[in-house]
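Subject: Handover of a structure and notes on its contents

Dear colleague,

Please find below the structure I am handing over to you. My notes on what was found in it follow directly after.

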Amino acid sequence: MAQLISVVLALGLAFLAFSPICFCGKTTGGYLYPQFYDRSCPKAREIVNSIVAKAVAKEARMAASLLRLHFHDCFVKGCDASILLDSTGSIISEKGSNPNRNSARGFEVIDKIKSALEKECPKTVSCADIMALSARDSTVLTGGPSWEVPLGRRDSRSASLSGSNNNIPAPNNTFQTILTKFKLQGLNVVDLVALSGSHTIGNARCTSFRQRLYNQSGNGKPDYSLQPSFAAQLRNRCPRSGGDQNLFFLDFVSPKKFDNSYFKNILASKGLLNSDQVLLTKSEASMELVKKYAESNELFFKQFSKSMVKMGNISPLTGSRGEIRKSCRKINS
């Protein structure tokens, strides 16, 4: 009997030793897992990567735009590609919300990927999965970490303009409001600080941080937590009125390289957005994390990858829920 038990145990351990480690996300109605398209569309990842690489080579800013698109999608009804839907008789698009209007971009790149995938394997790869893969590829192409993307999301048949207006953290939100919005999605302060590190690439418009330069607290004075000479530099191209759409690098040190200089900038009081700088000034826990990531690029990369997988697992549609859209801009008729 003892011999039989030891054989069973040995077999069990051997099975565990050879089982692939799965970065899977348990979801209502099914699992997301990296191998989801291995049989139904084996070239899916390769096709996504190739088109994203061309788009980023053509315009470096596109990497940040695709990363942001995934984030703005997941925070509204989960990672279901609702952000990609255009307005129709029955749908009010999320593209017109405050966080997305005049700033969400990269839709044409997603269209191009979808078109190529429809040729390769029709009605198979979801727009939601395309966005999750594009976000990872954009990170890697700019020098950031890689991770296995769990797949198997399906696309929603509706959008939520109110969800987009209310759920996505805004640059001028208080730290507590931002943290609450993350917690509502099942994310914590560690995820908040790590994912904010995506501001190591990309741009922000003058309108999203102007109040810090002129009237942070309604007293006609600039934000005390913004380094004065940096503030003076920003005022040159971000006047009190006009210039709303003028673009500024979120990380002026290495704007096209995915690294931890974003956190170093915050420590030097040179975070561009209010939502960047409050990570240092308004919470002990987030301040400690900013210091850790500023010190160790490796630590930041490791946590960023984990938090991206966690964010990608927010309320996906799986099984028979939702659909696989033929065009990412509209629901199937």
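A residue is called buried here when its relative accessible area is under 20%, exposed when it is over 50%, and partly exposed in between. Please note that this is a predicted model.

Helix H8

By the buried criterion, H8 is mostly covered, with 7 of its 8 residues buried. These are Val-189, Asp-191, Leu-192, Val-193, Ala-194, Leu-195 and Ser-196. The buried residues pack against H7, helix H11 (261-267), H12, H13 and H14. The N-terminal end of H8 is capped by Asn-188, which has a side-chain oxygen 3.0 Å from the backbone nitrogen of Val-190.

Salt bridges

The structure holds 13 salt bridges in total. In general terms, side chains of opposite charge can pair when their charged atoms come close.

One of these bridges involves H8: the side chains of Lys-310 and Asp-191 meet with an N to O distance of 2.8 Å. The pair links distant parts of the chain, since Lys-310 is in helix H14 and Asp-191 in helix H8 (residues 189-196), 119 residues apart. How accessible is Asp-191, and does it count as buried or exposed? Asp-191 has a relative accessibility of 2% and therefore counts as buried. Its partner Lys-310, at 33% relative accessibility, counts as partly exposed.

Salt bridges with shared partners also join Asp-86, Lys-95, Asp-111 and Arg-329 into one network. Within that network, Lys-95 forms a salt bridge with Asp-86, and the closest N and O atoms are 2.5 Å apart. Lys-95 counts as buried because its relative accessibility is 16%, whereas Asp-86 is partly exposed at 26%. The side chain of Asp-86 also meets that of Arg-329 in a salt bridge, at 3.5 Å from N to O. Arg-329 lies in the segment after helix H14 (297-312) and Asp-86 in the loop between helix H3 (62-74) and helix H4 (107-120), so this pair ties together parts that are 243 residues apart in sequence. Arg-329 counts as partly exposed, with a relative accessibility of 24%.

Arg-212

Arg-212 is placed in helix H9 (residues 210-214). Its relative accessible area is 0%, so Arg-212 is buried. The side chain of Arg-212 reaches the backbone oxygen of Gly-271 at 2.7 Å. Not counting residues up to four places away in sequence, Arg-212 touches Pro-222, Asp-223, Ser-225, Leu-226, Gly-271, Leu-272, Leu-273, Asn-274 and Gln-277.

Annotated positions

An unreviewed UniProt entry lists residues 31-332 under "domain: Plant heme peroxidase family profile". In the model, this span is 45% helix and 3% strand, and its end C-alpha atoms lie 24 Å apart.

UniProt, again in an unreviewed entry, places the feature "binding site" at Pro-169. Which residues does Pro-169 touch, not counting those up to four places away in sequence? They are Phe-71, Phe-75, Ile-178, Lys-181 and Phe-182. Pro-169 lies in the loop between helix H6 (161-167) and helix H7 (175-183). With a relative accessible area of 17%, Pro-169 is buried.

Two further loop residues

Ser-283 lies in the loop between helix H12 (274-281) and helix H13 (284-295). Ser-283 counts as buried because its relative accessibility is 14%. A polar atom of the Ser-283 side chain lies 3.1 Å from the backbone nitrogen of Ser-286. Leaving aside neighbours within four places in sequence, Ser-283 is in contact with Phe-175 and Val-278.

Phe-36 is found in the loop between strand E2 (30-32) and helix H2 (44-58). At 33% relative accessibility, Phe-36 counts as partly exposed. Together with Tyr-31 and Tyr-33, Phe-36 makes a nonpolar surface patch of about 290 Å².

Yours sincerely

Notes:
Residues numbered from 1 in each chain as written. Predicted model: local features only at pLDDT ≥ 70, side-chain atom pairs only at ≥ 80, totals over all residues. Heavy atoms only, no water. UniProt positions renumbered as here; feature names shortened; annotations may be inferred. Helix = DSSP H or I, 4+ residues; strand = E, 2+ residues; numbered from the N terminus. Buried < 20%, exposed > 50% of the residue type's maximum accessible area, 1.4 Å probe, protein only. Polar contact = N/O pair within 3.5 Å; in protein donor to acceptor, adjacent residues only side chain to side chain. Contact = heavy atoms within 4.5 Å. Patch = residues over 30% accessible without salt bridge, like charges linked within 9 Å, V, L, I, M, F, W, Y side chains within 5 Å. Areas by Shrake-Rupley, 256 points an atom, 1.4 Å probe, with all protein chains shown as cover. Salt bridge = Lys/Arg side-chain N within 4 Å of Asp/Glu carboxyl O.
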